[in-house]
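The following exercises concern aromatic rings, strand pairing and model confidence. Please inspect the sequence and the structure before reading each solution.

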Amino acid sequence: MFGKLFSRNISKSEEIFAYATGTLIKIEDVPDPVFSEKSMGEGVAILPADGKIFAPADGEVILLAQTKHAIALKTTLGEEILIHIGLETVNLNGKGINVFVKVGDKVKKGQKIAEIDLEFIKENASSTVIPLVITNSEENSFDFQWESVKEVKAGETKLFKATLK
């Protein structure tokens, strides 16, 4: 009798917060087909108002591009989140980007993980927009509940809730 009562599926979920302060942009509107066509996965982007980048959730740094233009985190729910700093920034070889984490570091939501020289990126890359992509969204069954916000504040504005089905 009690077996059925306690055996129901309990889904796990996690809230993902703004990783920069600025204007939220749909991933489909990012001026790069790799992101806009969702080749790498589901996501969102922020046009930053300043150069500070924060962890969108608790997790572990699983990738740091040698050129510092991309940082990936694995959240406690298992999402693999790639934060891509600007567009066409790989060619800068890390110039204008300071990263404060390394692979293996544990991070907390709202912890500063990088800072960019916004003016340098504007002058030397195609865009300052910062996409965030869930790179393992097709491998796992995540259900996303997106917030409808336009202006976001790093560490405070919830972007979406991901639920593992």
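**Exercise 1.** Which residues do ring pairs link into a cluster?

*Solution.* The model is predicted: local features need pLDDT of at least 70, side-chain atom pairs count only at pLDDT 80 or more, and totals for chains, interfaces and linings use all residues. Residues are numbered from 1 along each chain as its sequence is written, and side-chain values use heavy atoms, with hydrogens and water left out.

Step 1. Rings of Phe, Tyr and Trp (its six-membered ring) pair if their centres lie within 6.5 Å; planes under 30 degrees apart are stacked, over 60 edge-to-face, and the rest tilted. A search of the whole structure yields four aromatic pairs.

Step 2. The ring centres of Phe 142 and Phe 144 lie 6.1 Å apart with planes at 35°, so this pair is tilted.

Step 3. Ring pairs join Phe 142, Phe 144, Trp 146 and Phe 160 into a cluster.

**Exercise 2.** Classify the pair of Phe 144 and Phe 160, and state whether Phe 144 is buried or exposed.

*Solution.* Step 1. Buried means under 20% relative accessible area, exposed over 50%, and partly exposed in between (1.4 Å probe, protein chains only). Phe 144 has 17% relative accessibility and therefore counts as buried; Phe 142, at 8%, also counts as buried.

Step 2. The rings of Phe 144 and Phe 160 have centres 5.5 Å apart and planes at 80°, so the pair is edge-to-face. This pair links distant parts of the chain, with Phe 144 in strand E12 (residues 142-146) and Phe 160 in strand E14 (residues 158-164), 16 residues apart. Strands (E, at least two residues) are DSSP runs, numbered from the N terminus.

**Exercise 3.** In what order do the three strands form an open sheet?

*Solution.* Step 1. Two strands pair if DSSP finds at least two bridges between them. Strands of a sheet pair through backbone hydrogen bonds, either parallel or antiparallel.

Step 2. The order is E1-E14-E12, with antiparallel pairing. The edge strands, E1 (12-17) and E12, each pair on one side only.

Step 3. E12 and E14 pair over five bridges in the antiparallel sense. The bridge partner of Trp 146 in E14 is Phe 160.

**Exercise 4.** Over which residues does pLDDT stay under 50?

*Solution.* Step 1. pLDDT is the predictor's confidence in each residue, from 0 to 100. The protein averages 91, and 92% of the residues score at least 70.

Step 2. The value stays under 50 over residues 1-9. Where pLDDT is low, the predicted coordinates should not be read in detail.

Methods:
Helices (H or I, at least four residues) and strands (E, at least two) are DSSP runs, numbered from the N terminus. Contact means heavy atoms within 4.5 Å.
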